[in-house]
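Work through the exercises below with the coordinates open. Each task is followed by a solution in steps.

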Amino acid sequence: MFYKHVCKLVLPPVLMFVSLLLISGAPARAELAVPPGVTPPVGTHAGEDVPQPIEFPHDIHVNINKINCMYCHTYARRSKVAGIPPTSKCMGCHKMIATDKPRIQKLTEYFTKKESPKWKKVHDVPDFVHFSHERHIKKFVFDADLPVENVEQVCGLCHGEIKAMTVAKKNKPLTMGFCRRCHEANGGPGDCWKCHK
Amino acid sequence: MSGFKVNRRDFLRVLGWGGASTALVGCDMPTTVTLEEGKEDVVAYFMPEEYVIPGVGVWYASTCTQCAAGCGIHGRVREGRALKLEGNPESVINRGKTCMMGQAGVQAHYNPDRLTQPLMREGGALKPASWEVALKKIAEKTASANGDRVAWLSGAVSGHQAVLINDVLNTFGSKQHFVHETIHASVWQAVARDMLGDAQPVLRMDKAKSILSFGADFLGTWQSPVHFATQYAKFRSGKRGVLIQVEPKMSLTGGSADAWVAVRPGTEGILALGIAQNLVKRGWAKGEVPAKLKEVLAKYELGMVANATGVAGDRIQRITAALKDHAPSLVLAGAPVEGGENGYDAVSAVMLLNILLGNIGQTIEPAAQFAEARMQARSGGTRGALEFSKLAAAKKLDVAFISHANPVYHAPGFMKMKDAMANVGFKVVMTQFPDETAMQADVVLPLYSAIEDWGTHVAAYNGGVATLSFQQPLMEPLYKDTRGFGDVALSLLKQRKPKEYAAFNDYYAYLKASVSNMPAAVAKGDKNKDAAWNALLQKGVLETKATVGKFKVNTATVAAVADVSADVQFPYRLLPSARLGLWDGRHANSPWLQESPDQISKVVWGSWVEMHPVTAAKLGVKSGDYVRVTSAQGSLEAQAYVFNGIHPEAIAVPLGQGHQEYGRYAKGLGVNPYAILNPVIEKKTGEVAAYATRVSVTKLDKSARLVHMGSSDTQMGRKLVSTIPATVYRRTEGEA
Amino acid sequence: MSFKNILENWSAFRKDAEAGGHHKYDHRWGMAINLDVCTGCNACSTACYAENNLAVVGKDRFEKGQAMHWMRIERYWDDADRQFPERGASFLPMMCQQCGAATCEPVCPVAATYHTPDGLNAQVYNRCIGSRYCSNNCPFRVRYFNFYSYYETWAEPLNQQLNPDISVRDKGVMEKCTFCVQRIRASNDKAKMENRAIADGEVQTACAQACPTGAIVFGDTMDPNSAVNKLWAKHEVKRGDYLSKKPKVNAEKRGYRIFEELNVDPSVMYLERVREEI
Amino acid sequence: MHVNEKDINEQIRWAQINADVLRSMENPRPAYWVAVAVCIAMVSCAVLAEIYQYNTGLGVTNLNNPHMWDMYIATFVFWIGMSHSGTLLSAILHIIHADWRKPIYRFAEAMTTFSLMTAGFFPMIHLGRIWNLYWVLPYVSDRGVWPNFRSPLAWDAFAISTYLSASAVFLFIGMIPDLAICRDNAKGWRKTLYTTLSLGWRGDDRQWRNFRKTYMLLACFLIPLAVSVHSIVSADFAMSIMPGWHVTTFPPYFVAGALYSGCAAIITLFVILRYFFRFEEYMTTAIMEKTCKLTFAIAMVWTYLNLIEFASTWYGHNIYDKEVLIYKATGPYAWIFWTMIFCGSVAPFALAIQKWRRHMPTMFVVSLLLNLGMYFERWMIVAPTLSMAYEPHQFYMMYGSIVQWAIVFGSFGWFGLLFLIFVKIFPSVSMYEVKEMVFHRRRHLDHETAVKFGRRARDAGTPATDTH
């Protein structure tokens, strides 16, 4: 009799609670090679297409041409923002490479006009959050002695499998929970003021 | 790299990572982050310098132009926006420190009320115009003008700006460059020139063990406040020096004094002579005292001085003793002394103390003047405005250029500057803001802010090291239709002498050329001028060869100081006190400086009338009551602030407010005491005796809470600011 | 305060909270302010406005007592009874004292204000719900509340000056002096990138950097070689030890902390003003 | 003179009881609608003010540094306090079998619930970012952040919600038998309503037995809860270090104050209901007298606690505490302080005078005075400490703006509205308990007569046939 009541009243919330905990701790869908010794952050996000002035093909650059992320996103290891590569950098190669492609011609137009394409943001954290690319790269690449050519694995932790995309798409939630779980799993700071400004 | 400048301009381009990239925590974070409103774009650099990294602030050296002291600054630039100014440690003036006005430099730059395009007067009203049209107008109007019918009125200028102004006037064959500064030390300089043979002697507070300051607010508004503040810190450290401040109204410096002596306004000179007499009588005077001087001093014995100044005889003796005990000493005179009708004599009396105390060569050293005379600081007082207004009123001017100054607001009311300017044939005003003077102009040329412009500065008071301080743009101009002062001056020169200046397509080129050609400028043996130039810009200051003078001490000019006349109709003496912050009113358009309270009264956002409780009781006035202050020239109304840091015979109304124009933050706020000054001129220097106006005060039946910071004037028994006697200090750490 | 913390370290959590510092400190940022050379010139408070995106509230709201100066210079007259203030004015730079046993922390219902491993009283703006209890419980009254959406008052282009390293606070949020945490954070990142500790003097608060007389000294009081720590030691001011009642301040020395008797363990030490008898 | 009269006329017929009470729930008079209209008007004032405040920011309340709290919190404490006496009457007096409570506990109980529902608004209204209110509650979230369990404000959230739900349940459970009576006499929508609410009450023995158990159980649960709730509210102040707030005696002081204001409110409503619903039969002067005596006793307790607080402050020689106390008594808020002392400690002596306490209009006025005093007490607790604590640079005094007044004003409208709706939908006098009361009295009386005539009591008296 009493137990019946217990089962009726007490168990459901408890189960709910436990399951929530479980969900939050569930392992991720493996979609990209994970750097050794790193527990990847959990969660996916169906990002919508972001129309770019020039639909930049990440797949060609990363997959086919095997260009390192940090070759173009050069600020990532030197600043808290990864930065969009300066137009001059694009032209560094595309002065001669693939100049016949319409995209490249578009780019060249911009360059001759001495201005940069109006790229659209894909990944962003709210402005009250202090996120430092350089610290993460250092921890997961340089301090972890990860071969730099595998840096995409580290980027992938938060940016997903960019090399499988043409124009980048947001496919990780990048929410506080997303960050927090990774910090707890990989020994990142747990102090609010490390990330909140 | 062809043309350092092109790249520079490129990376200075505003590249906000999403505009101001400042979060509103109000908008709560959604569970899945989406892009914030208006932050969809991310701007990529075009061709950045390798040291420009988004998200990382870069510091550029420049020079502060908030006042004429010429402090070196560092500006923090991120994503092409200048964010914060700090002191440049390389600068000998401020040693990496800044004052509140320097901090507010960014607000002068980002001020929402800046002029964004040239204005021209058409049918009585100022109408927007293009630069071409405006310059053409100037060209045709000035074509026929020549000689001394052309004049240039400016604030304190130095460096290449001074050179250019000079050159422009030369093209007209005019010598009429008037310099107008409301807050100045002209009388002090005149006296120093006459008695020491050096107008700008170096004051070594760090060496002094005691300072007797007659109203010299060297921590606030006197000559080079930040420099003196750094010196003051040294003065107070170790064997702590003693500061005695003698003044009719407590200044910021008075607030820090060991002994603050309230003196009857206008009698500081008498007190000085009294102390001198006391020194001589007690045989403490260093060196030979001339007989002539003895007889001048003769009548200034204690009783008489005590009567005249309201400072008790024994106090005078104690002050004298303190000066002797804490040698070497340093005696200064500031605005209240200089601004008296007897200003010159009073300051001479003060300087005499330095001589008698043997401070010359000890704590007062000959100046090291900047080698190139044309670039030396043109500092001046109110005389410039006075002469200018006289010429203008007499219709002796066809063309007037006005820059770095706002005479219509700053000139005392009796000069009737507005009407005087109406008589000038053609007025060109170069300014950053729609100020009172601009409103009177025929052509208004909008200038870059100090943060957008190039320039070089030579401090009038340089603390003994002659340096050239560089001013370079921290960011792209906010408004494309504004121009740098140098560029404007150059285009004026090009109108008159196209050939000579054809080489320089802008001020930057001119500056670079002339600096690189300065003998001291280029590092020895360095052939690569670009490298030297970039190094200079990085450092911000350039030490140059200096001409160090010699003192020629002369006490002949010391004369008896006339006592101030009492007046029944106007029983009080008006003190138009200056204040660090709003300064002479040029910073009234900065919200920060308006909101940061006056250091002594703690009043914000407005004007007030300071009076002593005794006076207040006589008038039946409480703090917050509105009073009318009336002089022979007119009257003003403001709220009273009653406190005992002022002499009962004095009424103080601070400078800085009472603008009719000058943007949303300044306009229609408070009153300007200069509007009711009496036309009293200090005879020997021709400066306006700003502290010589007598006023009467009447209570108005209107009262309101005086908007000020802080509720309690006392500590109410808490240990907030606790004080220990210097004896204890000496015992514990004084010897350190 | 994470869920783990409640479950495992509850008792430790409580004990430490009383003892002022709630876990192993990496740093304990502190200050020493020499009131003898402080001239009350307001450079510090203006620098604070410039660094920390402080709102200018205007005359009316200032009159209401809603001003937002994180760093304020209090001015007192010690001899108001005499005819003249013959010993000058008493200036007191007052900002958040970053107490080790802060009274604001335990009362926040959502833990928006808490103690960081750097020994700071953090104020997490986007966690704050504006109950304002922290301000009521602050003996120094140095917490300021956004009574309005002040960001609307930054007239274009004034808003371009805003420091991107700190949020602009919207209405309903409490804010206060942070010891320029954004500068600490930046130097911390820099140091970590270079695999070294933060050097003394590397981090400077805006007020300390501006102060023309160098009255404000800022640094890590845990670093034995830091200038600030030397000053604390020289003037025999120690972090509060609550169990032993031994006097914390030596009467002969100039160092003292305001409201020491409340045992809130402030991180700011003041040096007494000195006056010569003339 | 001493009037010795009965709490209730035990000859009253039970059908009569039903009739009277049910009548009070039917065809409202114009006066009722006027009252409703007034209340709605008051509420809408508050709503407008709140909308304005929500959009503009809390600055419109005149709050400042140091005055971060003001009338909102005072009013919050006031309403929480108001709620207590309901519990006192219904729960405490229930378990000590003081059966004179029976005719008047129902509306007191309702008052408890409604004043809690009113009080609950204020912590929300005074928040800077009300839209994040739920952060105070502990819930499992992706962010892994929790409320600060050390904060009295977090305790408030728990305590108030618990107390509200508990007292609401208590009110409802206690009404079930009456709802059944209503059901049997109602038509139309009321019929359906009461049918649902009375949970199929048939009044058989098993139901009665379970009912009594549950009711007693809840009563026992509610009493410590009530005490703890107001102790926690007092902790909002006592847990701080502010002079005038950091007072050890605050929990009992607050509880006493709470009971005090609650009883005063009961007297007010007693008079109103008795007058408008012609409940003279049930809300008799005798019961009024008992209520008054109770209130008087509590008033004296409150006065005593007040005095020891002053005394401990005065002799405690804590300079800051003393300053605040002196400031209260002599500062700009002095008039409020002395009004509070008068209304709280002097006015109650009117309750000691029998002639007066039997005179309803007088009691009405007096009870209002008492509550005025209690409101001032709450305000005097909150404001002066903030005006004057440690830092002399931040000593200011301020009065709330029109916005605060509007919202506080509106809260009374809200309370009134709820109460007005209640009295027309639910029996504001507990019928079945009045019957119990009558029954017991009658049994008692019959026993006496029986002894007199040497007969067994059971035969005597009216058989209880016309019960349901």
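Two strands count as paired if DSSP finds at least two bridges between them. The model is a predicted one.

**Exercise 1. The three-stranded sheet**

Task: Give the strand order of the open sheet of three strands in chain B, and say which strands stand at the edges.

Solution.
- Step 1. Read off the order: β19-β20-β21 of chain B, paired antiparallel.
- Step 2. Find the edges. β19 (455-457) and β21 (541-543) of chain B each have a single partner strand, so one side of each lacks a neighbour in the sheet.
- Step 3. Add the twist. Neighbouring strands of this sheet are turned by 25 degrees against each other on average, direction ignored.
- Step 4. Check one pairing. Strand β20 (residues 467-471) of chain B is joined to β21(B) by three bridges, and the two run antiparallel. Within β21(B), B:Val541 stands opposite B:Ser469.
- Step 5. Place the helices. Helix α5 (residues 159-172) of chain B packs on the sheet and touches β19 and β20 of chain B. Its direction makes about 105 degrees with that of β19(B). Helix α19 (residues 507-516) of chain B also touches β19 and β20 of chain B, with an angle of about 45 degrees to β19(B).

**Exercise 2. The seven-stranded sheet**

Task: What is the order of the open sheet of seven strands in chain B, and which helices touch its strands?

Solution.
- Step 1. The order is β6-β5-β18-β17-β16-β7-β8 of chain B, with mixed pairing.
- Step 2. The edge strands are β6 (125-128) and β8 (177-179) of chain B. Each has a single partner strand, so one side of each has no neighbour in the sheet.
- Step 3. From one strand to the next, the twist averages 20 degrees.
- Step 4. Take a parallel pair. Three bridges join strand β7 (residues 150-154) of chain B to β8(B). B:Trp152 has B:His177 in β8(B) as its bridge partner.
- Step 5. Now the helices. Helix α4 (residues 131-143) of chain B lies across β5 (119-122), β16, β17 (426-431) and β18 (443-446) of chain B. It runs at about 135 degrees to β18(B). Helix α5(B) packs on the sheet as well, touching β7, β8 and β16 of chain B. Its direction makes about 165 degrees with that of β7(B).
- Step 6. Link the exercises. α5(B) touches β7, β8 and β16 here, and β19 and β20 of the three-stranded sheet.

**Exercise 3. Chain B against chain C**

Task: Describe the contact between chain B and chain C by residues, buried area and polar pairs.

Solution.
- Step 1. Count residues: 99 of chain B are in contact with 85 of chain C.
- Step 2. Take the area. The two chains bury about 7900 Å² between them, 59% of it on carbon and sulfur atoms.
- Step 3. List the polar terms. There are 10 salt bridges across the interface. One of them joins the side chains of C:Glu63 and B:Arg705 at 3.3 Å, N to O. Polar contacts number 42 residue pairs, both residues at pLDDT 80 or more.
- Step 4. Break down the side of chain B. Helix α23 (residues 726-734) of chain B gives the largest share, seven residues. By class, this side has 51 nonpolar, 27 polar and 21 charged residues.
- Step 5. Look for strand pairing between the chains. Strand β29 (residues 723-725) of chain B runs parallel to strand β11 (residues 273-275) of chain C, joined by three bridges. B:Pro725 stands opposite C:Arg275 in β11(C).

**Exercise 4. Chain C against chain D**

Task: Repeat the analysis for chain C and chain D. How many salt bridges does the rule find?

Solution.
- Step 1. The contact takes 52 residues from chain C and 49 from chain D.
- Step 2. About 4300 Å² is buried between the chains, 58% of it on carbon and sulfur atoms.
- Step 3. The rule finds one salt bridge. C:Arg72 and D:Glu391 form a side-chain salt bridge at 3.4 Å, N to O.
- Step 4. Polar contacts come to 34 residue pairs, both residues at pLDDT 80 or more.
- Step 5. On the side of chain C, α1(C) supplies the largest share, five residues. The classes there are 30 nonpolar, 12 polar and 10 charged residues.

**Exercise 5. Backbone checks**

Task: Where do the cis peptide bonds at B:Pro328 and D:Pro66 lie?

Solution.
- Step 1. The bond from B:Ala327 to B:Pro328 is cis, with omega near -5 degrees. B:Pro328 is in the loop between α12 (313-325) and β13 (329-333) of chain B.
- Step 2. D:Asn65 and D:Pro66 are joined by a cis peptide bond with omega about 15 degrees. D:Pro66 is in the loop between α2 (30-56) and α3 (71-95) of chain D.

Definitions and conventions. Residues are numbered from 1 along each chain as its sequence is written. Chains are lettered from A and ligands numbered from 1 in the order in which they are written. This is a predicted model: local features need pLDDT of at least 70, side-chain atom pairs count only at pLDDT 80 or more; totals for chains, interfaces and linings use all residues. Side-chain values use heavy atoms; hydrogens and water are left out. Helices (H or I, at least four residues) and strands (E, at least two) are DSSP runs, numbered from the N terminus. Axes are lines fitted to C-alpha atoms, for helices over the stretch in contact, and angles run from 0 to 180 degrees between N-to-C directions. Contact means heavy atoms within 4.5 Å. Buried area is the accessible area (1.4 Å probe) that two parts lose on being put together, summed over both. A salt bridge is a side-chain nitrogen of Lys or Arg within 4 Å of a carboxyl oxygen of Asp or Glu. A polar contact is a pair of N or O atoms within 3.5 Å; within protein, one must be able to donate a hydrogen and the other to accept it, and residues adjacent in sequence count only if both atoms are side-chain atoms. Ala, Val, Leu, Ile, Met, Phe, Trp, Tyr, Cys and Pro count as nonpolar, Asp, Glu, Lys and Arg as charged, and the others, Gly among them, as polar.
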